[in-house]
Amino acid sequence: MTDQDRHGASAHPHDDASAPRAEVFRGPTEPPEHAVAPERHPQAPEPGAWLGTHYDQCFGCGEQRPEGLHLRVAAGPGVSVTAEFKVAEAHQGAPGLIHGGLLSAAFDEVMGTVSWLLRVPAVTGRLETDFLKPVPVGRIVHLRAWCVGQAGRKFYHRAEARLDGPEGLLVAKAAALFVGVKLEHFVTHGRQEDVQAVLEDPQRYRSLRAFDVNP
Ligand SMILES: CCCCCCCCCC(=O)SCCNC(=O)CCNC(=O)[C@H](O)C(C)(C)COP(=O)(O)OP(=O)(O)OC[C@H]1O[C@@H](n2cnc3c(N)ncnc32)[C@H](O)[C@@H]1OP(=O)(O)O
């Protein structure tokens, strides 16, 4: 596969082939042919177990972010998780409707949490969302995310969002590519005062429970 294939360059008729590489989307979220099935880590939490927050300041799951999504995520079967959150006033885009970017953030968070079952720290490389139906304020959004393949450091995830219960109306779906990183990624790139606060606070330190934290 060529670099152009991988990054999807010039796939769109309006793409400028002479544009700098960095301005071109970096490729599909489809697992390549050589991808393998993801393996649930033997010590991953049992299906049904609440996974809790990974960081109390996280917009997606943090308990200390009043305006955040407060996602509650549980391990599912295989390499999957389920979650839910209530659409709050602070999540509006149009009057009474969720902001699309925040629904994407919810997908990012829930797919990021799939890493807990793989026990590989990973960050989002690419995230795609299909918005199928409007989502009103005050409703509970039910999310499900799962891994469909792994190719080296690359993990291919899928997710869906429903109203009226976990099997209810499909309102959005997402696909993402996550890239496995070393824990040094967070120590090196995060604002140092926040990184130090996490490293010095045993409670927050424990919240990195799924990984061998020894940066
Ligand atoms: C303790 C755990 C906490 C977890 C928190 C989860 C929170 C929710 C998830 C998030 O929101 S994470 C925050 C949003 N994401 C980021 O901030 C990531 C920013 N980007 C980066 O740091 C780097 O670009 C990245 C680590 C993703 C990759 O850089 P690297 O230098 O490590 O790898 P490289 O660029 O060589 O890419 C590795 C492979 O991934 C591929 N790749 C990387 N980014 C890609 C992309 N965007 N699209 C397609 N492919 C991509 C790349 O082509 C290559 O494929 P090959 O191995 O086949 O050559």
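**Exercise 1. Which residue in β2 is the bridge partner of arginine 72? Work it out, then place the two strands.**

Before you start, note that this is a predicted model, where local features need pLDDT of at least 70, side-chain atom pairs count only at pLDDT 80 or more, and totals for chains, interfaces and linings use all residues. Residue numbers start from 1 along each chain, as its sequence is written.

- Step 1: Find the strands, which are DSSP runs of E, at least two residues, numbered from the N terminus (helices are runs of H or I, at least four residues). β1 covers 72–75, and β2 covers residues 80–86.
- Step 2: Check the pairing; two strands pair if DSSP finds at least two bridges between them. β1 and β2 are antiparallel, with 4 bridges.
- Step 3: Read across from arginine 72, and you land on glutamate 84.

**Exercise 2. Lay out the sheet and find its edges.**

- Step 1: Write down the order. It's an open sheet of 6 strands, β1-β2-β4-β5-β6-β3, paired antiparallel.
- Step 2: Look for strands that pair on one side only: these edge strands are β1 and β3.
- Step 3: Get the twist, which averages 20 degrees from one strand to the next.
- Step 4: Add helix α2 (residues 100–113), which packs on the sheet and touches β1, β2, β3, β4 (140–151), β5 and β6. Contact here takes C-beta atoms, placed from the backbone, within 7 Å. The direction of α2 makes about 135 degrees with that of β3, using axes fitted to C-alpha atoms (for helices over the stretch in contact) and angles from 0 to 180 degrees between N-to-C directions.

**Exercise 3. Describe both neighbours of β6.**

- Step 1: Take β3 (residues 122–131), which is antiparallel to β6 (residues 169–180) over 9 bridges. Leucine 127 sits opposite alanine 176 of β6.
- Step 2: Take β5 (residues 154–163), joined to β6 by 10 bridges, again antiparallel. Here lysine 154 faces valine 179 in β6.
- Step 3: Look at the hairpin of β5 and β6, with 5 residues between the strands; aspartate 164 has a positive phi near 65 degrees there.

**Exercise 4. Decide how far to trust the coordinates.**

- Step 1: Check pLDDT, the predictor's confidence in each residue, from 0 to 100. The protein chain averages 86, and 81% of the residues score at least 70.
- Step 2: Check the start: residues 1–15 have pLDDT below 50, with 16 contacts in the model beyond near neighbours in sequence.
- Step 3: Apply the rule that low-pLDDT coordinates should not be read in detail.
- Step 4: For the complex, the predictor gives an ipTM of 0.96 and a pTM of 0.88.

Conventions: Contact = placed C-beta atoms within 7 Å.
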